[in-house]
Amino acid sequence: MNKLFLILLFAIFLQGDEKVQKAVELSRTISDQLVDSVKTVLFKELGKGGYAGAIKACSNLAQDIIKAHQEKYGVYVRRVSEKYRNKLDKPDDYELKILKKLDELNKQGELPQEYYEVVEENGEKVLRYFKPLIVQPMCLNCHGSDEFLKKEIKEFLKEKYPDDKATGYQAGDFRGAVSVKVRLSSVK
């Protein structure tokens, strides 16, 4: 091989790696902001009306927060879980595969703070990024076992989410992830 070809090949490799790093940084920013935005709403509502107010606000505002982040950054972003509450949080096949992998890593005590890989979708390279979400003790008030949930929370869930799968958790369980998808061709 001639030197010019090798230099060009190396430059293409570096450019691709730089785009991946920029896509990871963007995904990290988006997922952190999304998590912080949802937490802010929850804590605000907890202060106003306890867990009943928080779960109502979360059910009404979480999808709006997600849409705002999608529009702001022009990328695919959402929360996903195997045990979803809102059908809009149901994972696609790829997300489900990664969620199972992350859940297993959590059970082994090896869950990373983030997970990503570059895949090809429709002939285009795409970064698929996941920020794991772990059940915290306060989450159990709306996501814990049936005997742990207060009557008003159970009634709200039964009415708003009759097919709810998002209960029965314990603190430390893997809850799901923020899923971000960035087309590498869109990264500058």
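**Arg175 and the four-stranded sheet**

A polar contact of 3.4 Å joins the side chains of Arg175 and Tyr169. The structure in which this contact occurs is a predicted model. Arg175 is placed in strand S4, which spans residues 174–183. A polar atom of the Arg175 side chain also lies 3.0 Å from the backbone oxygen of Lys83. Both of these partners, Tyr169 and Lys83, appear again among the residues in contact with Arg175 once its neighbours within four places in sequence are left aside; the others are Ser81, Leu133, Ile134, Val135, His143 and Ala166. Which side chain of opposite charge is nearest to Arg175? That side chain is Asp89, at 5.9 Å. A salt bridge requires a side-chain nitrogen of Lys or Arg within 4 Å of a carboxyl oxygen of Asp or Glu. Arg175 therefore has no salt bridge, although the residue is buried.

The setting of Arg175 is best described from the chain as a whole. The protein chain contains 4 helices and 4 strands, and these follow the pattern α-β-α-β-β-α-α-β when read along the sequence. Along the principal axes, the C-alpha atoms fill a box of roughly 75 × 35 × 25 Å. Of the 188 residues, 38% count as buried. Among contacts with a separation of 6 or more, 68% are accounted for by residues 24 or more positions apart.

The 4 strands form an open sheet in the order S1-S4-S3-S2, with antiparallel pairing. Its edge strands are S1 (76–80) and S2, each of which pairs on one side only. Direction ignored, neighbouring strands of the sheet are turned by 20° against each other on average. In general, strands of a sheet pair through backbone hydrogen bonds, in either a parallel or an antiparallel manner. Helix H2, made up of residues 93–107, lies across S1, S2, S3 and S4 and runs at about 40° to S3.

Strand S4, which holds Arg175, is mostly covered, as 8 of its 10 residues are buried. S4 pairs with S1 in the antiparallel sense over 5 bridges. In this pairing, Arg78 has Ser179 of S4 as its bridge partner. S4 also runs antiparallel to S3, to which 9 bridges join it. Three positions illustrate the S3 pairing. Ile134 stands opposite Phe174 in S4, Leu133 has Gly176 as its bridge partner, and Arg128 has Lys181 as its bridge partner. Two of the S3 residues named here, Leu133 and Ile134, are also in contact with Arg175.

On the other side of the order, S2 (residues 115–121) pairs with S3 (residues 124–134) in the antiparallel sense over 7 bridges. The two strands form a hairpin with 2 residues between them. In the turn, Asn122 has a positive phi of about 50°. Within the paired region, Tyr116 stands opposite Tyr129 in S3.

Tyr115 is also placed in S2. Is Tyr115 buried or exposed? Tyr115 is buried because its relative accessible area is 14%, where burial means a value under 20%. Apart from neighbours within four places in sequence, Tyr115 is in contact with Ile98, Lys101, Leu102, Arg128, Tyr129 and Phe130. The side chains of Tyr115 and Glu117 make a polar contact at 2.4 Å. Tyr115 and Pro132 are 17 residues apart along the chain, and their C-alpha atoms are separated by 8.0 Å.

Outside the strands, Asn86 lies in the loop between S1 and H2. Asn86 counts as buried because its relative accessibility is 16%. The side chain of Asn86 reaches the backbone nitrogen of Leu88 at 2.8 Å. Residues up to four places away in sequence not counted, Asn86 touches Gln63 and Tyr161.

How values were computed:
Residues numbered from 1 in each chain as written. Predicted model: local features only at pLDDT ≥ 70, side-chain atom pairs only at ≥ 80, totals over all residues. Heavy atoms only, no water. Buried < 20%, exposed > 50% of the residue type's maximum accessible area, 1.4 Å probe, protein only. Lys, Arg positive; Asp, Glu negative; His and termini not counted. Polar contact = N/O pair within 3.5 Å; in protein donor to acceptor, adjacent residues only side chain to side chain. Contact = heavy atoms within 4.5 Å. Pairing = 2+ DSSP bridges. Axes fitted to C-alpha atoms, helices over the stretch in contact; angles between N-to-C directions.
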